[in-house]
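Me: I've got this one open and I'm new to it. Can you walk me through it?

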Amino acid sequence: MFKQNIVKKLSLLSLVLVIAAACQQEEIDDITRVDPGEDQAAPQVEITSPSDGMDFQTTTETFMIDIAFDVVDDIEIAEITVELNGQQLESYNEFTDYRIVNKEIPYELSDGEYTLTVTVNDIAGNTTSETINFSKETVPYVPQFEGEALYMNFNGGYADLISNREITAVGEPGFAGEAQIGSNAYAGNTDSYLTAPVEGLTSSTFSATFWYKLDADQEKAGILTASALQNSENPEGPQNLRTSGFRFFREGTDVFKLNVGNGSAEAWNDPGSSNISSSEWTHIAFTISETETVIYFNGEAINTSTLSAPMSWEGVDLISIMSGAPTFTEWGHLSDLSYMDDLRFFNKALTAEEVNEVMEYTEE
């Protein structure tokens, strides 16, 4: 035992000597301070929210927004000033990271025209400013079509303009900075989507219409989902119950499908490839009557499927928008990264003529 301890100590001493010799031979550099150099570049600032030219249209007199911006400097940020309509909103001169700063400022917006300016100074005296303009107006919404039960225009917010109810955002969905109609559209993001309660929507007949700009880099995604979860002791957890509600989703890059449950069974509407372009907005609609489902692209019926019984809403308590989550994920139909604009739900099965009326009303 004594001899083993001697051997261990000699081995450790040898390792220390090798490391010391390596340092002396400059095989391991000493830690030295690096001079960051002179501050030559002006700071960079980008206002990320709201977008320039945004027109917030809400049914309420006030509306909460996040004013957000990013600042980067090559050496050190000294001060950031935020002004709204010429009045200082916030000022910062202490930073955890003095080269990169990201800020969000909650602000209650009322009707009016706004000019937002973010000004940044660095320690060398370089100054950069960015200015954007946006507005807000209260626009009480009156349903434009028979049976219209939900309407979302995505002009800077997630609200049902018919019920004056904010729709729940999960994760970090965003805005596209472009639109088919109005000033903005929904932009999908990973693990992000919206959920709407089903109160006022649970008719055995149903339709949805919306404008859609495809993200062709993504294959599977949920788009509109009204599903229930069955209680299961399966170790994999509760599974989607497709015998009620509906699921409209993407199975391939441009393969769209509709699945509808009637209480005891499920029915499929599978038109195959839609051949829509990822560079253009497409008007999409699907209708569910008591006997059939129809899928429309740009006002044309691309496929019809029969139903053996009317759709059931048993166990369905919410509709997911731009995702299959939380109730329809077992086949990988997660958040859709595409754009959506001008979403409408109807408590009726629209006719082909009515689908075209909605599309033409919402075209630029």
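Me: Is Asp 111 buried, exposed or partly exposed in this one?
Reply: This is a predicted model, and in it Asp 111 is partly exposed, with a relative accessible area of 41%.

Me: And what does Asp 111 pair up with?
Reply: Asp 111 makes a salt bridge with Lys 136, and the closest N and O atoms are 2.6 Å apart. Lys 136 sits in strand E8 (residues 127-138) while Asp 111 is in the loop between strand E6 (100-110) and strand E7 (112-122), so the bridge ties together parts 25 residues apart in sequence.

Me: Lys 136, then: buried or exposed?
Reply: Buried, because its relative accessible area is 3% and the cut-off for buried is under 20%.

Me: How many salt bridges are there?
Reply: The count comes to 10. One of them joins Glu 146 and Lys 348, with the closest N and O atoms 3.8 Å apart. That pair links distant parts of the chain, 202 residues apart: Glu 146 is in the loop between E8 and strand E9 (148-152), and Lys 348 is in the loop between E25 and H2.

Me: Which end of that pair is exposed and which is buried?
Reply: Glu 146 is exposed, with a relative accessible area of 61%, whereas Lys 348 is buried at 16%.

Me: Got another one?
Reply: Sure, Lys 213 and Glu 178 form a salt bridge, with the closest N and O atoms 2.8 Å apart. Lys 213 is in strand E16 and Glu 178 is in the loop between strand E13 (174-175) and strand E14 (186-187), so this pair ties together parts 35 residues apart in sequence. Back to Lys 348 for a moment: salt bridges with shared partners join Glu 146, Lys 348 and Glu 354 into one network.

Me: Where is Glu 354?
Reply: Glu 354 is one of the buried residues of helix H2 (residues 352-361), along with Val 355, Val 358 and Met 359. These four cover an arc of only 140° around the axis, which puts them on the same side of H2.

Me: Why would residues line up like that on a helix?
Reply: An α-helix has 3.6 residues a turn, so residues three or four places apart point the same way.

Me: What do the buried residues of H2 pack against?
Reply: They pack against four strands: E16 (206-213), E21 (282-288), E22 (292-297) and E25 (339-346). The face of H2 turned away from the buried side carries the exposed residues Glu 353 and Glu 360.

Me: Switching topic. How many helices and strands does the chain have?
Reply: Two helices and 25 strands. The chain has 364 residues, and 45% of them count as buried. Among contacts between residues at least 6 apart in sequence, 66% join residues at least 24 apart.

Me: Which buried charged residue has no salt bridge?
Reply: Asp 73 is a case of that: the nearest side chain of opposite charge, Arg 99, is 6.9 Å away. The side chain of Asp 73 does reach the backbone nitrogen of Glu 76, at 2.9 Å. You'll find Asp 73 in the loop between strand E3 (62-72) and strand E4 (77-84).

Me: What about backbone oddities, like where are the cis peptide bonds?
Reply: One joins Ser 49 and Pro 50, with omega about -5°, and another joins Ala 325 and Pro 326, with omega about 5°. Pro 50 is in the loop between strand E1 (44-49) and strand E2 (55-58), and Pro 326 is in the loop between strand E24 (318-321) and E25.

Me: And what is the phi of Asp 342?
Reply: It's positive, about 55°, although Asp 342 is not a glycine. Asp 342 is in strand E25 and counts as buried, at 2% relative accessibility. Asn 85 also has a positive phi of about 55° without being a glycine, but Asn 85 is partly exposed at 40%.

Me: Last thing: where does pLDDT stay under 50?
Reply: Over residues 1-13 and over residues 31-35. The model has zero contacts beyond four places in sequence for residues 1-13, and likewise for residues 31-35. Where pLDDT is low, the predicted coordinates should not be read in detail. For the chain, the mean pLDDT is 87, and 86% of residues reach 70 or more.

Definitions and conventions
Residues numbered from 1 in each chain as written. Predicted model: local features only at pLDDT ≥ 70, side-chain atom pairs only at ≥ 80, totals over all residues. Heavy atoms only, no water. pLDDT = per-residue confidence, 0-100. Contact = heavy atoms within 4.5 Å. Buried < 20%, exposed > 50% of the residue type's maximum accessible area, 1.4 Å probe, protein only. Lys, Arg positive; Asp, Glu negative; His and termini not counted. Salt bridge = Lys/Arg side-chain N within 4 Å of Asp/Glu carboxyl O. Polar contact = N/O pair within 3.5 Å; in protein donor to acceptor, adjacent residues only side chain to side chain. Arc of directions from axis to C-beta.
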